[in-house]
Amino acid sequence: MLNMFSYPNPKIIIKYARALDPIFIEYCKSYKHGGWDKWVSPSHEEVTQRTESYKKEWVIWQEQVIGGIQEILGFGTSSYKGSPMNRRKNIQNGVRLLNGLLIAQGQTFSLLEALKPFDQENGYLPELVIKGDKITPELGGGLCQIGTTTFRAAMNSGLPIVERQNHSLVVSYYNDPANNNPGTDATIYEPAPDFKFLNDTGNYILFQAENLTETQELRFTFWGTPDGRKGSYSAPKVLRWIPVPEPQTIETTDLKPGEEKCQEAHIGADASFIYSIKKPDGTVEETTFTSHYRPLPKICLLGVEPVVIPSEAEGS
């Protein structure tokens, strides 16, 4: 059961999913062991009473949540300018799923859990993802734009990072807005890697996800109750660039003879940056994040004629 209510500041919808109604749980048990004919629906009075009880619970819960959503804790941005259509649609779908989520105090937030299942029924389309030496289409391709933006929002909010993995290749979509260097990205792919952070603020955090389609940018804002901490991260530094290897051509019979399909080269790099959390007492906690991006040569598939091996003549 999904309940929603609008809150004027920020102007989004807060989503709340409560535990299943005990009546419905009993129905599920009866359906599993006998089907519809074994189910006895509750009386009208019982349904009315339970509905009123839920309304009271909801009002109390709503007041508790709104009471803790006071100010912006931090925000993160990224640019997906130049993305193909399916990638843009997958990004918008991720924004739809995240906007308005509430993250409870003490909760370790998992981005994969919030975005899955990664299928067409949940709004995802096939788009390119990095798999080894191949860049191939899969459902949900492009969601690392969501991962990268969430990572930056979590750091600017001063939240503990529980799990983060950089991409294996340098991809321009994820370069940092401060200096256009790689290093502050976060990749996700089911079942791993995931991106996770901890809400240790003592109150709910409201996840506001915005897709600025005119500029093709994402802006994710975390709202909550400030406790005096300040989060920030340094512009990433490239420690070294790794040259691109020589191009490769692979012959295949999967293409027409003479037909060629290529994936572009990617330069490699080693990069790092410092994530800082300034505590209310003035102490600063620093974490250095390092990222290695491997180089990838230009790889072309070239169609060739199948090799026919003649069979020996009969009687030879």
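This presentation goes through the disulfide, the nonpolar cores, the aromatic contacts and some backbone features of one predicted model.

Good morning. Residues are numbered from 1 along each chain as its sequence is written, and side-chain values rest on heavy atoms, with hydrogens and water left out. As this is a predicted model, local features need pLDDT of at least 70 and side-chain atom pairs count only at pLDDT 80 or more, whereas totals for chains, interfaces and linings use all residues.

Let me begin with confidence. pLDDT is the predictor's confidence in each residue, from 0 to 100. The chain averages a pLDDT of 84, and 81% of the residues score at least 70. Over residues 1–20 pLDDT stays under 50, and for this stretch the model has 52 contacts beyond four places in sequence; a contact means heavy atoms within 4.5 Å.

I turn to the disulfide. The term is applied to a pair of cysteine sulfur atoms within 2.5 Å, and a search of the whole structure finds 1. Its partners are Cys262 and Cys300, with sulfur atoms 2.0 Å apart. Cys262 lies in strand E15 (residues 260–263) and Cys300 in strand E18 (residues 299–303), so the bond ties together parts that are 38 residues apart in sequence. Helices (H or I, at least four residues) and strands (E, at least two) are DSSP runs, numbered from the N terminus. The torsion about the S-S bond of Cys262 and Cys300 is about 110°, so this disulfide is right-handed.

Are the two cysteines buried or exposed? I use buried for under 20% relative accessible area, exposed for over 50%, and partly exposed for values in between (1.4 Å probe, protein chains only). Cys300 is buried, at 7%, while Cys262 is partly exposed, at 36% relative accessibility. A further cysteine, Cys144, counts as buried at 11%.

Next, the interior. In soluble globular proteins, nonpolar side chains tend to be buried together. By nonpolar core I mean a set of buried Ala, Val, Leu, Ile, Met, Phe, Trp, Tyr and Cys residues joined through side-chain atoms within 4.5 Å. The largest such core has 43 residues, and those with the most contacts inside it are Leu98, Phe109, Leu115, Ile146, Phe207, Phe220 and Phe222. Which elements supply at least two residues of this core? They are helices H3 (85–98), H4 (111–115) and H5 (144–156), together with strands E4 (101–103), E10 (205–212), E11 (217–224) and E16 (268–278). The largest share, 6 residues, comes from H5. Apart from this core lies another, of 6 residues, among them Ile69, Leu102, Tyr204 and Leu206.

Now the aromatic rings. Rings of Phe, Tyr and Trp (its six-membered ring) pair if their centres lie within 6.5 Å; planes under 30 degrees apart count as stacked, over 60 as edge-to-face and the rest as tilted. The whole structure yields 14 aromatic pairs. One of them joins Phe109 and Phe197 in a tilted arrangement, 5.2 Å centre to centre with 35° between the planes. Phe109 belongs to strand E5 (residues 108–110) and Phe197 to strand E9, so this pair ties together parts that are 88 residues apart in sequence. Both rings belong to buried residues: Phe109 has a relative accessible area of 4%, and Phe197 one of 0%.

An edge-to-face pair is formed by Tyr233 and Phe273, at 5.7 Å centre to centre and 65° between the planes. Tyr233 lies in strand E12 (residues 230–233) and Phe273 in strand E16, so here the linked parts are 40 residues apart in sequence. Phe273 is buried, at 2% relative accessibility. Ring pairs link these four residues into a cluster that also includes Phe151, Phe195, Phe207, Phe220, Phe222, Tyr275 and Phe289.

Two arginines sit over rings; the criterion is NZ of Lys or CZ of Arg within 6 Å of the ring centre and within 35 degrees of the ring normal. Arg87 lies over the face of Tyr173, at 3.8 Å from the ring centre. The charged end of Arg219 sits over the ring of Phe75, 3.8 Å from its centre.

I close with the backbone. The peptide bond from Lys116 to Pro117 is cis, with omega near 5°, and Pro117 is found in the loop between H4 and strand E6 (126–131). The bond from Ala192 to Pro193 is also cis, with omega near 5°; Pro193 lies in the loop between strand E8 (161–163) and strand E9 (196–198). The loop between E8 and E9 also holds Asn180, a residue other than glycine whose phi is positive, near 65°. Asn180 is exposed, with a relative accessible area of 52%. Gln216, likewise not a glycine, has a positive phi of about 55° and lies in the loop between E10 and E11.
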